[in-house]
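Colleague: I'm new to this, so could you take a close look at one part with me, the charged side chains and what they pair with? Please walk me through it slowly.

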Amino acid sequence: MNAPVTRLTEMNQPLLFEMIRSFTTLARTLNLSHAVAELNSTRQTVRRHIAQLEVLRGEQLFCVNDRRYELTSAGEAALPEALDLLLRAKAWARGQTGSRGALQYLRAQEGDWIFYQQQQPIGRIWHDESVLLRETYRAWTMAGCEIEDPCLAHVRPYLMVYRHTDAGWICVEFGEQSAYVNWFGRDYARSSIGRPNARLPAGEEFGRILDQAFHDIETTQAARLDHVYTRMPERYDERQATMVYQRLMMAGFFPDRSPAVLTLVVPTSNVNIEELDDDQRAAITDIDPPNFDPANAC
C-alpha cells in the first residue's frame with residue numbers, strides 16, 4: 001500500500017462507519033437525492049464518502065449513467081459485507097453481540113422477553129447426554145446432506161426444514177415430534193408453515209444477525225451447535241415461560257438440489273451460557289429428554 005492511501009486510511013478511521021452508511025444507502029436507493037435525505041446529510045458529503053471509500057478499497061463502487069447511480073461489479077461484491085458490518089456494529093454497540101472463544105454470542109432483552117444464544121464447539125455433540133442429538137448429527141453425515149436420504153428417516157420427525165426465499169427464511173416442514181410442535185401444538189405449527197421467521201422484539205438488526213446463522217450454514221454446507229435460553233409464550237397462554245434448548249443446524253439439499261437448512265431443537269436443563277445469573281439459572285427446570293429410539297438407524 002502506498003503512502004497516500006495509508007495516510008487516508010489512518011485519517012478516515014473515525015469516519016469509516018459513516019462512509020459505509022453512505023455507501024449502503026446509496027447502493028439501496030441508487031439516487032443521490034434520496035440517499036442524502038435519508039442520511040440527513042449533504043450531496044457533497046455523500047459524494048466525498050464514496051470517493052474516499054473507493055480510494056481506500058482501490059476499486060470503483062459506482063458508475064453514473066444519465067445521472068443515475070449504478071453499482072459496479074466491485075460494488076455489488078462489497079455490498080453484502082458492508083451491510084453485515086453495519087448490522088454487527090449497531091448490535092455490538094447495544095451489547096447484543098460478541099464472541100466467546102471465537103464463537104458467536106448473542107443476547108438481547110426487551111421488557112419481560114430475554115434471549116441468550118451461545119455457539120458451541122461442534123465436537124461437544126459426541127459427549128452430550130442426548131442420544132437424539134448425537135444420532136441426528138451422525139445420520140446427517142451418513143445422508144450426505146440429502147434430506148430424503150433413508151439414513152435421515154428415523155430422525156426426520158424431530159427436524160424442522162427451512163428454505164430461503166425473497167421474503168426471508170421460511171419453515172416448510174415441521175416434524176411431528178419436533179420441539180416446536182411439542183411446545184405450541186400441531187395446529188399452531190401447521191399454521192406457521194410458509195411464514196417468514198418472526199422477528200424478535202430486539203429489533204431488525206438483531207433479527208438479521210440471528211438469520212446470519214442460516215446463511216452461514218447454507219453457504220458453508222456445514223453444521224453448528226448453539227445453546228439458547230429464552231422466554232416464550234406457553235401454549236394457549238400469553239404468559240411467557242423459560243425455554244432452554246440446544247439447537248443443531250445442518251445444511252441440506254432438496255431432491256431438486258436447491259439448498260435447505262435443517263434444525264433439531266433439543267430442550268435441556270444443561271446449557272453452557274456464561275452470562276446467565278443465579279435467578280435465571282434457578283428458573284431452569286429439569287426437562288425430560290425426547291422419546292427417541294435409535295433402533296431404526298441405517
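**Charged side chains and their partners**

Modeller: Let's start with Glu135, which is found in helix α6, residues 131-143. Keep in mind that this is a predicted model. Glu135 has 11% relative accessibility, and because the cut-off for buried is under 20%, Glu135 counts as buried. Its side chain makes a polar contact with the side chain of Arg138, at 2.8 Å.

Now for the salt bridges. Side chains of opposite charge can pair when their charged atoms come close. How many salt bridges does the count come to? It comes to 14, and we can go through a few of them.

Take Arg156 and Glu173: they form a salt bridge, and their closest N and O atoms are 2.8 Å apart. This pair links distant parts of the chain, with Arg156 in the loop between α6 and β6 (159-165) and Glu173 in strand β7, residues 168-174. In sequence the two are 17 residues apart. Are these two buried or exposed? Arg156 is buried, with a relative accessible area of 16%, whereas Glu173, at 23%, counts as partly exposed.

Next up are Arg186 and Glu176, whose side chains meet in a salt bridge at 2.8 Å, N to O. Arg186 lies in helix α8 (residues 186-191) and Glu176 in the loop between β7 and α7 (179-184), so this salt bridge ties together parts that are ten residues apart in sequence. Arg186 is partly exposed, with a relative accessible area of 45%, and Glu176 is partly exposed too, at 37%.

Then there's Glu274 with Arg100, a salt bridge at 3.5 Å, N to O. Here the pair links distant parts of the chain that are 174 residues apart: Glu274 is in the loop between β10 (259-267) and α10 (278-282), while Arg100 is in strand β3, residues 97-100. Arg100 is partly exposed, with a relative accessible area of 22%. This pair also belongs to a network of salt bridges that links Arg100, Arg107, Glu274 and Glu275.

Charged side chains turn up in the β1 and β2 hairpin as well. Along strand β2 (residues 68-71) the side chains alternate: Arg68 and Glu70 point to one face and are not buried, while Tyr69 and Leu71 point to the other and are buried. Strand β1 (residues 62-65) runs antiparallel to β2, and four bridges join them. One of the residues we just met, Glu70, is the bridge partner of Cys63. Two residues sit between the strands of this hairpin, and Asp66 in the turn has a positive phi of about 50 degrees.

Technical notes. Residues are numbered from 1 along each chain as its sequence is written. This is a predicted model: local features need pLDDT of at least 70, side-chain atom pairs count only at pLDDT 80 or more; totals for chains, interfaces and linings use all residues. Side-chain values use heavy atoms; hydrogens and water are left out. Buried means under 20% relative accessible area, exposed over 50%, partly exposed in between (1.4 Å probe, protein chains only). A polar contact is a pair of N or O atoms within 3.5 Å; within protein, one must be able to donate a hydrogen and the other to accept it, and residues adjacent in sequence count only if both atoms are side-chain atoms. Two strands pair if DSSP finds at least two bridges between them. A salt bridge is a side-chain nitrogen of Lys or Arg within 4 Å of a carboxyl oxygen of Asp or Glu.
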